[in-house]
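Let's walk through this model together, one question at a time. Here it is to look at first.

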Amino acid sequence: MKRYSSAGVLALFLVLLLLPVVVFASGGATAIDFKGGSCTISADGAYTAAGDSGGKTITVESGVDAQLSISGLTIDSESGPAIYVEAGATLELIVNGENTLSGSAGFAGICVEPAYDDSWNYDAYASAKLYISGSGTLSVNGGDGDPNDAFGGGLDDDLFIIYAHNMKNGTMFGELDRYRQQEFRDENPGFTLTTAEGTRSYEIFAAVETRVLYENEQGLRWYGMAGSLDAAGRAELIDWLLASSLYDCGIRPGDGEQLVLLCTCSYHEANGRFLVAARRLSLNRSSTISVYSLRKRATAAFYAGCLALLLASSRLYCPKRSCCA
């Protein structure tokens, strides 16, 4: 009989413990167990999940067609989206009871990965697909680093972030990239935001190419700062925005001026983001700023898209290689 040393057995146990749980369906619905770590669904079939995952997440592998029934499920992700559906996968999510899915800082609660061809044209057939049904309730929260704030902050917070897709047809934030050029910014130095309380004017002071940081990477996590800012945090954020800006606007926001970040995906590097930073203007200064509609032929659609993302506390979809803020 072959014998194994206690050290070897312990090492094998630790390796297995650290590996993500891979679930294979067989026969009836398979219950997902998070005790061994985050779960990867790698085969077609029906699955169930309930209870508190302890920060562990669910990934549906590319090529898999899965049905997942959740009931009383809470995922407060330690890293990444709570549920990640890879490009080429299909997930039918059946909701029962009360459920909450929260991404970690900078990540969506649910990421449904799109696919693109070599020219970065969207490929609907190859993209991930998500279908939601059921009689329960589902709260999907993007991770902004502060559980006391809504995702992206509130309308009157010190720092307010608006996220929108970089759409190829120019809607939503599809033309935000034009602010990479200082000439364009100088011609169009401001924008307005219309809310139920009225119209607010903002002046752009920085344009930044950046990305979402890795879990243990050092750097400023601006996407975790939405909400209230103390003096030190405000100064740190403004200093970083000005130092990182593609050009100098000659503006530094004053004390008490609300900061707003317009954020969309950028493909200059993996997990890239493009930010346009602006300060809110007082009423007596708003009339001096010319306002540019990011898509004149679809102004209403643009602002409707902004407000829809603004008022929602969650996002269900993320562009390729992002799934983040």
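Q: In which sense do β15 and strand β18 pair?
A: Welcome to a predicted model, where local features need pLDDT of at least 70, side-chain atom pairs count only at pLDDT 80 or more, and totals for chains, interfaces and linings use all residues. Residues are numbered from 1 along each chain as its sequence is written, and side-chain values use heavy atoms, leaving out hydrogens and water. Strands are DSSP runs of E with at least two residues, helices runs of H or I with at least four, numbered from the N terminus, and two strands pair if DSSP finds at least two bridges between them. With β18 covering residues 259-266, 5 bridges join it to β15, and the sense is parallel.

Q: Which strands are at the edges of the open sheet?
A: The sheet has 5 strands with mixed pairing, in the order β15-β18-β19-β17-β16. Each edge strand pairs on one side only, and these are β15 (159-163) and β16 (190-195).

Q: Which residues does Leu241 touch, not counting residues up to four places away in sequence?
A: Contact means heavy atoms within 4.5 Å. By that rule, the partners of Leu241 are Phe205, Ala206, Val208, Leu261 and Ala277.

Q: Which residues have the most contacts inside the largest nonpolar core?
A: Such a core is a set of buried (under 20% relative accessible area, 1.4 Å probe, protein chains only) Ala, Val, Leu, Ile, Met, Phe, Trp, Tyr and Cys residues joined through side-chain atoms within 4.5 Å. This one holds 45 residues, and the names to remember are Trp222, Leu237 and Leu241.

Q: Which element gives the largest share of this core?
A: Elements giving two or more residues include α3, β18 and β19. The largest share is 6 residues, from β17.

Terms used
Buried < 20%, exposed > 50% of the residue type's maximum accessible area, 1.4 Å probe, protein only.
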